[in-house]
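Hi everyone, thanks for coming. I'd like to walk you through a structure this morning, so please have it open as I talk.

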Amino acid sequence: FPSKKIKRVKVSSKTSKLCGKFRKGHFDGVVTVLKSLFKQVSPKIVFFGEKDFQQILIVKDLILKYKLKIKIITMATVRDRSGLAYSSRNHLLNNKQKKIASYMFKTIKEIFFKAKKNQGKLNNLKLVGKKKLINYGFSKVDYLEIYNENNLSKKNIKKNNLRVFVAANLGKTRLIDNYKN
């Protein structure tokens, strides 16, 4: 970064939901850094992992707002054999917590398929999913949401745009994930 003060960037209303609701200012920081990086590097293509799906939508809003000629390629979430999404935070988990963490993916996958079959029960399914995670051993669930993946809203959720999002803690470690088939 240049030594001069950097102007903080705000680009998306999507920053107030999911992780943004629990990590105030996080995404503004992300897009501020990315805008500066994009200006310095002038990439034609950038790659982002689907595990951070909300971030992908926010970066797309950044690209749109500033009319950057950058294409985003979304990469599928890479998982271990248990279903746990690879993350730098996983090294903070002990073996018992890693086993518990694998239930996050299993739970949101199950909720996804149930939600797809019965979209009238989304609120109930979210509660069921949160309870399951707590029963598996998660210490806290920040959110388990079922949203239209195009705009992170509860409006016009259909089988083809439905995505389940989750953030939960195991001890002091906060894990996030999402699922769409």
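I'll go through the pocket, the salt bridges, a few single residues and a patch on the surface.

One thing to keep in mind from the start: this is a predicted model.

Let's begin with the largest pocket. It holds about 400 Å³ of space. Its lining is made up of 28 residues, and those nearest the centre are Cys 19, Lys 51, Asp 52, Arg 89 and Ile 176. Which elements supply at least two residues each to that lining? On the helical side we have H1 (18-22), H2 (26-41), H3 (53-65) and H4, and then there are the strands E4 (162-170) and E5 (173-179). Strand E5 gives the largest share, with five residues.

Stay with two of those central residues for a moment, Lys 51 and Asp 52. They form a salt bridge with each other, and the closest N and O atoms are 3.7 Å apart. Are the two partners buried or exposed? Lys 51 counts as buried because its relative accessibility is 15%, which is under the 20% cut-off. Asp 52, at 30% relative accessibility, counts as partly exposed.

That brings me to salt bridges in general. How many turn up when the whole structure is searched? The search finds 12, and I've picked out two more to show you.

Please find Lys 132 and Glu 110. Their side chains meet in a salt bridge, at 2.7 Å from N to O. Lys 132 lies in helix H5 (residues 122-136) and Glu 110 in helix H4, so this pair ties together parts that are 22 residues apart in sequence. Both ends are partly exposed: Lys 132 has a relative accessible area of 24%, and Glu 110 has 29% relative accessibility.

Now turn to Glu 149 and Arg 163. This is also a salt bridge, with 2.8 Å between the closest N and O atoms. The pair links distant parts of the chain, 14 residues apart: Glu 149 sits in the loop between strand E3 (140-148) and E4, while Arg 163 is in strand E4 itself. Here both residues are buried. And the pair has company, as Glu 50, Glu 149, Arg 163 and Lys 180 are linked in a network of salt bridges.

While we're in that loop between E3 and E4, have a look at Leu 152, which is found there too. What is unusual to look for in its backbone is the sign of phi: Leu 152 has a positive value of about 50 degrees, although it is not a glycine. Leu 152 is buried, with a relative accessible area of 0%.

Where else can you look for a positive phi? Try Ser 42, whose phi is near 50 degrees and which is not a glycine either. You'll find Ser 42 in the loop between H2 and strand E1 (45-49). With 49% relative accessibility, Ser 42 counts as partly exposed, because the exposed class begins over 50%.

Next, two polar contacts. Ser 102 is in helix H4 (residues 95-117), and with a relative accessible area of 4% it is buried. The side chain of Ser 102 makes a polar contact with the side chain of Lys 106, at 3.4 Å. If you look across to Ala 85, 17 residues away along the chain, its C-alpha atom is 8.4 Å from that of Ser 102.

The other contact involves Thr 15, in the segment before H1. A polar atom of the Thr 15 side chain lies 3.0 Å from the backbone oxygen of Ser 12. Thr 15 counts as buried, at 18% relative accessibility.

Last stop, the surface. Which residues form the nonpolar patch there? They are Ile 45, Phe 47 and Met 75, and together they have about 310 Å² of accessible area. Met 75 belongs to strand E2 (residues 71-75). How does Met 75 qualify for a patch? Patch residues need over 30% relative accessible area, and Met 75 has 41%, which also makes it partly exposed.

That's the tour. Thanks for listening, and I'm happy to go back to any of these places on the screen.

Note on methods:
Residues are numbered from 1 along each chain as its sequence is written. This is a predicted model: local features need pLDDT of at least 70, side-chain atom pairs count only at pLDDT 80 or more; totals for chains, interfaces and linings use all residues. Side-chain values use heavy atoms; hydrogens and water are left out. Patches are made of residues with over 30% relative accessible area and no salt bridge: like charges are joined within 9 Å, nonpolar side chains (Val, Leu, Ile, Met, Phe, Trp, Tyr) within 5 Å. Accessible areas come from the Shrake-Rupley method with a 1.4 Å probe; for residues, only the protein chains shown count as cover. A salt bridge is a side-chain nitrogen of Lys or Arg within 4 Å of a carboxyl oxygen of Asp or Glu. Helices (H or I, at least four residues) and strands (E, at least two) are DSSP runs, numbered from the N terminus. Buried means under 20% relative accessible area, exposed over 50%, partly exposed in between (1.4 Å probe, protein chains only). A polar contact is a pair of N or O atoms within 3.5 Å; within protein, one must be able to donate a hydrogen and the other to accept it, and residues adjacent in sequence count only if both atoms are side-chain atoms. On a 1 Å grid over the protein atoms alone, a cavity is a set of points where a 1.4 Å probe fits but cannot get out, and a pocket is an open set with protein on both sides within 12 Å along at least five of seven lines; lining residues have an atom within 4 Å of a point. Grid points are joined across faces, edges and corners, and a volume is the space filled by probe spheres set on the points.
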